[in-house]
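Biologist: I would like a close look at a single part of this protein, and then a walk through the parts around it. Please keep it plain enough for a first-year student.

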Amino acid sequence: MAPRKGATSFLFTEYQYVGIFMVAFAILIFLFLGSVEGFSTKSQSCTYDKEKLCKPALATAIFSTVSFLLGAVTSVISGFLGMKIATYANARTTLEARKGVGKAFITAFRSGAVMGFLLAANGLLVLYIAINLFKLYYGDDWEGLFEAITGYGLGGSSMALFGRVGGGIYTKAADVGADLVGKVERNIPEDDPRNPAVIADNVGDNVGDIAGMGSDLFGSYAESSCAALVVASISSFGISHDFTAMCYPLLISSMGILVCLITTLFATDFFEIKAVKEIEPALKKQLIISTILMTVGIAIVTWTCLPSSFTIFNFGTQKVVKNWQLFLCVCVGLWAGLIIGFVTEYYTSNAYSPVQDVADSCRTGAATNVIFGLALGYKSVIIPIFAIAISIFVSFTFAAMYGIAVAALGMLSTIATGLAIDAYGPISDNAGGIAEMAGMSHRIRERTDALDAAGNTTAAIGKGFAIGSAALVSLALFGAFVSRAAISKVDVLTPKVFIGLIVGAMLPYWFSAMTMKSVGSAALKMVEEVRRQFNTIPGLMEGHAKPDYATCVKISTDASIKEMIPPGALVMLTPLIVGTFFGVETLSGVLAGSLVSGVQIAISASNTGGAWDNAKKYIEAGASEHARTLGPKGSDPHKAAVIGDTIGDPLKDTSGPSLNILIKLMAVESLVFAPFFATHGGLLFKIF
């Protein structure tokens, strides 16, 4: 009960602050876009086809604002409902664990799946309804219609940013505080009810991992759909008003929901899980089955809904594309996602040598553990980047920017399964916490721990997906922005672009510095509070007195609300400032720079953190001969592993996952404001 109350109250507080921001930003969108034509209500000539008349810029301003608010509200609802489902599911998982590990697995997995389907369906439904309602006004002006729809992606992602950063700071401040005092100083087990920070820690799992992750993937999903629709609206689909072909991106996603429904049955109904060692393979099979089935699904959609040949807008020219080429674009994204998932798993699961080496390095203390962990993170970037690079090359060669947008959609098409696997982790983690706090038998805790260890790896896979798709999405949005802002080519050798490039590459570091520092300072307060309670409340260590949980929850809440504003402002204001004062060319440099450096930091941060976490679990579980030489809990190697895990916490749950939102959000925001920047941007260069 306590984690549920805490999570709900925190989200309500967070959404109040975010709500104020939402309204303010909506007004900003309206003013900026309305001022493009001086708020006139006259029809204007279209951007891409000067002969035709399109709806006025004021209409785009109004509808972009509406779709921004729609996206934001949908994102908030997705996160909130996901959190509600998870907080009901965790206690049920604990109860099912009494009957055996298989029953507990099914409960945790199904509740994760509910959240996955809810989110995918929610995003698709609202987007489809919005398109049809906007069509009542826009009629044949599809170019204006889909330009206004991009606000949906912006709304989804801006909420996701605050959810991810706020939730991430909340959960990690509590986690670091609980671990450092509880496990390292006082030698009490994880989730022990005597630890004052334990409720805050459990609340944090729901707020950060579930609500944050939900909003994040919803954002990716909304944006890749918007990017594809914008490019399609100025291609032959949009010009000839072929609505079925126009909706190809949405059809891929709806096919994905059906495929994931079938896939889920493989985990819960067709094959029963009986032993602990079957958990991880079952989750990995989910990814493989959904990818194979989806390949067939994409083929069906492509051959039934697309004409055999059509043209795609490619920076001012129309490129002829065949339907089989588009099929390959989607598949490249889909399979690249699978590769990224498995590489991430190899580097973060304690079944393979990389994590075992990190665990082994704990014998000589925390310093070697940190060195090994960092090296692992940097190394784990190599293959995912090649996978992303190949998919970009293939999809761009076949179908220009539209190809990249549908490749991103391909990667996200199995989002329901991805989210089910991802939400499963925090649910089983919380189930373990409940078992420990309720003082249930040792056997149950072992079962929930086994579920949780598998969940940790799969959560890392989910983050890999999120980062890979973010790279493709933001590149597609970047292409749409360049087209919309009427830049013929982005030349790195011009000083305007190059300064943008180098500043853009710096932004992810600035952003990470802010989020890491926030976690650090919040954790500092938390550690002091937990120590204070252990030292001043008589009988707390013996279990006679109850700790003051509320104070710890308040520390986390206050810190995360206060600290989520600066990083959020950095991301939201950068495109506005750069576009207005330096113009579209410098902004294109900033977008390219932040994309290139952000992806690397995001992958290495989340894999380093995941590896440290699982190295600690490897030592704690003591499943192999090697692990037993390093253990048991409380030994020096174990303490070194806990320190590594604590350093990795903000990396894998705050900075890393928030970076993919930074990359996407700046790109989608630039696209939404592109009409304004193209007309009024570059004030500084106009003066000189």
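Biologist: In helix α19, how many of the 38 residues are buried?

Modeller: Before the count, note that this is a predicted model. The mean pLDDT over the protein is 87, and 99% of the residues score at least 70. Confidence is lowest in strand β1 (residues 44–45), with a mean of 69, and highest in helix α12 (residues 366–379), with 94.

Now the helix you asked about. In α19, 32 of the 38 residues are buried, so the helix is mostly covered. To count as buried, a residue must have under 20% relative accessible area. Helix α19 runs over residues 584–621. From the first C-alpha to the last it reaches 54 Å, close to the 56 Å expected at 1.5 Å a residue. Just after α19 comes Gly622, with a positive phi of about 55°.

Helix α20 covers residues 625–630, and Thr629 is in it. Thr629 counts as exposed because its relative accessible area is 56%, and the cut-off for exposed is over 50%. The side chain of Thr629 reaches the backbone oxygen of His626, at 2.5 Å. In general, an α-helix has 3.6 residues a turn, so residues three or four places apart point the same way. Thr629 can also be set against a residue far off in sequence: Ile262 is 367 residues away along the chain, and the two C-alpha atoms are 44 Å apart in space.

Helix α13 gives a contrasting case for end-to-end length. Helix α13 (residues 382–412) has 31 residues, yet its end C-alpha atoms are only 21 Å apart. A straight helix would reach 45 Å at 1.5 Å a residue. There is a bend in α13 of about 135° at Ala399. Ala400 is also in α13, and its phi is near 50°, a positive value in a residue other than glycine. Ala400 counts as buried because its relative accessibility is 0%. Another residue with a positive phi that is not glycine is Asn187, at near 55°. Asn187 is not in a helix but in the loop between α4 (142–185) and α5 (198–233).

Next come α14 and α15, taken through one residue of each. Ser428 lies in helix α14 (residues 415–437). With a relative accessibility of 0%, Ser428 counts as buried. A polar atom of the Ser428 side chain lies 2.7 Å from the backbone oxygen of Tyr424. Setting aside neighbours within four places in sequence, Ser428 is in contact with Thr448, Leu451 and Asp452.

Arg445 is in helix α15 (residues 442–484). Arg445 counts as buried because its relative accessibility is 13%, against a cut-off of under 20%. The side chains of Arg445 and Glu436 are joined by a polar contact of 3.5 Å. Neighbours within four places left aside, the contacts of Arg445 are Glu190, Asp191, Gly432, Gly433 and Glu436.

The strands β3 and β4 are a different sort of element to look at. Strand β3 (residues 309–314) pairs with strand β4 (residues 317–322) in the antiparallel sense, over 6 bridges. Two of the pairs can be named. Phe313 has Gln318 in β4 as its bridge partner, and Ser309 has Lys322 in β4. The two strands form a hairpin with 2 residues between them, and Phe315 in the turn has a positive phi of about 45°.

Last is Tyr346, in helix α10 (residues 323–348). Tyr346 counts as partly exposed because its relative accessibility is 34%. Apart from neighbours within four places in sequence, Tyr346 is in contact with Tyr352, Ser353 and Pro354. Glu272 is 74 residues from Tyr346 in sequence and 25 Å from it in space, C-alpha to C-alpha.

To return to your question: α19 spans 54 Å, close to the expected 56 Å, and 32 of its 38 residues are buried. Helix α13, by comparison, falls short of its straight length and bends at Ala399.

Methods: Residues numbered from 1 in each chain as written. Predicted model: local features only at pLDDT ≥ 70, side-chain atom pairs only at ≥ 80, totals over all residues. Heavy atoms only, no water. Helix = DSSP H or I, 4+ residues; strand = E, 2+ residues; numbered from the N terminus. Expected span 1.5 Å × (residues − 1). Bend = angle between axes of the 7 residues up to and from the residue. Buried < 20%, exposed > 50% of the residue type's maximum accessible area, 1.4 Å probe, protein only. Polar contact = N/O pair within 3.5 Å; in protein donor to acceptor, adjacent residues only side chain to side chain. Contact = heavy atoms within 4.5 Å. Pairing = 2+ DSSP bridges. pLDDT = per-residue confidence, 0-100.
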